[in-house]
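Good morning, everyone, and thank you for making the time. I would like to walk you through one protein model slowly, so please keep the picture open while I talk.

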Amino acid sequence: MTKFFRFSARTVSACYVLFSLMVLLSFATPLGYAWREYVEEDRSRILHADTLRLQRVYEEQGIAALKLAIETQVGMNAGGSEDIILLTDVGLVRQAGNLPSWPKTIAEVPSEGRYSIDVNGKTTRTLAKHIILDNRYHLLVAQDIDRYRLLENLFVYGLGGAATVIILLGAAGGLLVRRSLLAKVKDINNAASAIMQGNFSHRLPHSGGEDELAVVVETENKMLAQIEQLMDGVRNVSNAIAHDLRTPLAELRSRLEELLLTRPDSEQAFAEIELAIADVDRVIAIFNALLRLAEIDTGARRSGFKPIDVATIVDDVSEFYLPLAESKQRVLRAEGSRHLHLKGDPLLLTQAIGNLIDNALKYSSQNGLVTVTSGRRQDGMVFVEVCDNGPGIPIEELPKVQERFYRCDASRATPGMGLGLSVVAAIAKLHHGRLELSNIHPGLRAVLLLNPSTIKDV
């Protein structure tokens, strides 16, 4: 049963045929019922009208007139009439009508119903009414109910023909759908084979349109593009980790080897050990940053969300970085709106804003100005904007600086791991927002945006 309901061209075709047959049946059933009810009612009405008419003829004109009326009616419709009339005396001896004798299936007492009567040697189903006139005559009036059987049979044959056409069309449609699906599946298999061979730039052929298969192909191509981007990111991250770890590990090995060979006095040895510890700390800092990014990406830090005021966090972080700005001969200025409430992680937002300010202080010019502005845009999004007057970022590198371990050529000589903006972007994404970077000539503008869906009226 489960196999039958699996999605396939055969299943689609079968479901289409079954549904069409159900529609046909739902149309034919009430139509047939209405036909039978109408014909039955019409027969009963005609039967009662004929019986009443003949009874009135007898009551008003006598037996001779009744015989004449009966013979006239059956004579006018001889050969193709559905009217069956028989008049007998009290002993059931025929007086008039088109039956040779009283039918054995009908009792001698007044009755009405369906009976099978032998007419001209043929058993005929009838709707009959039997009345007694003055306790002297038996009058039987009946109608052949098989007269419309041919029409009913034609109706049944028509339904059978329609069902046959539906089944044939369903089978043909199933073959066409199967051929179309197999063609698409073949394209998907070819694309998958190319990707399995390492060609991550391969895409499914997309002819446009808005049908279901086109939507699936478009979604698959977007997924492949994301996979290619992630694979490139993994490759770049691996290269960057190897590059950033090589230097401190090489320096650490060199110092330890020098200590082993020269065996200096204790004061110089302790100085080298201190430098070796600094190299180890750089390695640990890289792995701590990667673990922190992994924790943020998984969304595990959402458990620490609570109502906070972004303006208060901006003031606290700016105050914390004031001594660093003064030591670097920079001017740090914070301003903006009050009461910017949202639900988020205060520690992560503090780290994100701190990373933006630290980058601005690091790359701004001497005696330069770093401004931190917070507020709410017209679309309701909360923002924290950090601007400096440094060299900025080359336009072609702006989309890449949020990648992990990516560092511009101009910043290669500056201490750092290339994870600062990656952490900020990950924190923004965790808070349903994003990080936007743009050059303002001179300087760089970094805007941390928080989506209105996280804002709470606290």
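Let me begin with one residue, lysine 129, which is buried, since its relative accessible area is 16% and the cut-off for buried is under 20%. Please keep in mind throughout that this is a predicted model, and that every value I mention was computed from it.

What does the side chain of lysine 129 meet in a salt bridge? The partner is glutamate 112, and the distance between them is 3.4 Å, taken from N to O. This pair links distant parts of the chain, with glutamate 112 in strand β3, residues 111-119, and lysine 129 in strand β4, the two being 17 residues apart. Glutamate 112, at 39% relative accessibility, counts as partly exposed, whereas lysine 129 is buried. As a general point, side chains of opposite charge can pair when their charged atoms come close.

Staying in strand β4, which covers residues 122-133, we also find threonine 124, and this residue is buried, with a relative accessible area of 8%. If we leave aside the neighbours within four places in sequence, threonine 124 is in contact with Tyr115, Ser116, Ile117, Val119 and Asp144.

The structure holds 8 salt bridges, and I will show you two others, each of which sits inside a helix. In helix α1, aspartate 50 and arginine 53 lie 3 residues apart, about one turn of the helix, and their side chains meet at 3.9 Å, N to O. Here aspartate 50 is buried at 13%, while arginine 53 is partly exposed at 35%. In helix α4, residues 212-262, glutamate 257 and arginine 253 are 4 residues apart, again about one turn, and their salt bridge has an N to O distance of 3.0 Å. Of these two, glutamate 257 counts as partly exposed at 36%, and arginine 253 counts as exposed at 56%.

Now please turn to helix α3, which runs over residues 149-196 and reaches 68 Å from its first C-alpha to its last, close to the 70 Å expected at 1.5 Å a residue. Several of its residues are buried, including Ala163, Gly170 and Leu181, but leucine 150, also in α3, is exposed, with a relative accessible area of 60%. Leucine 150 belongs to a nonpolar surface patch of about 820 Å², which also includes Phe27, Leu31 and Phe155. Helices α1 and α3 each supply at least two residues of that patch, and the largest share, 6 residues, comes from α3. Just after α3, glycine 198 takes a positive phi of about 105°.

What about the nonpolar residues that are hidden from the surface? In soluble globular proteins, nonpolar side chains tend to be buried together. The largest nonpolar core here has 40 residues, and among those touching the most other members are Val310, Leu349 and Leu448. Helix α7 gives the largest share of this core, 8 residues. Apart from this core lies another, of 19 residues, among them Leu54, Ala69, Leu127 and Tyr137.

To step back at the end, the protein has 8 helices and 12 strands, and 37% of its 458 residues count as buried. Among contacts between residues at least 6 apart in sequence, 62% join residues at least 24 apart. Thank you for listening.

Key: Residues are numbered from 1 along each chain as its sequence is written. This is a predicted model: local features need pLDDT of at least 70, side-chain atom pairs count only at pLDDT 80 or more; totals for chains, interfaces and linings use all residues. Side-chain values use heavy atoms; hydrogens and water are left out. The expected span of a helix is 1.5 Å times one less than its number of residues. Buried means under 20% relative accessible area, exposed over 50%, partly exposed in between (1.4 Å probe, protein chains only). Patches are made of residues with over 30% relative accessible area and no salt bridge: like charges are joined within 9 Å, nonpolar side chains (Val, Leu, Ile, Met, Phe, Trp, Tyr) within 5 Å. Accessible areas come from the Shrake-Rupley method with a 1.4 Å probe; for residues, only the protein chains shown count as cover. A salt bridge is a side-chain nitrogen of Lys or Arg within 4 Å of a carboxyl oxygen of Asp or Glu. Contact means heavy atoms within 4.5 Å. A nonpolar core is a set of buried Ala, Val, Leu, Ile, Met, Phe, Trp, Tyr and Cys residues joined through side-chain atoms within 4.5 Å.
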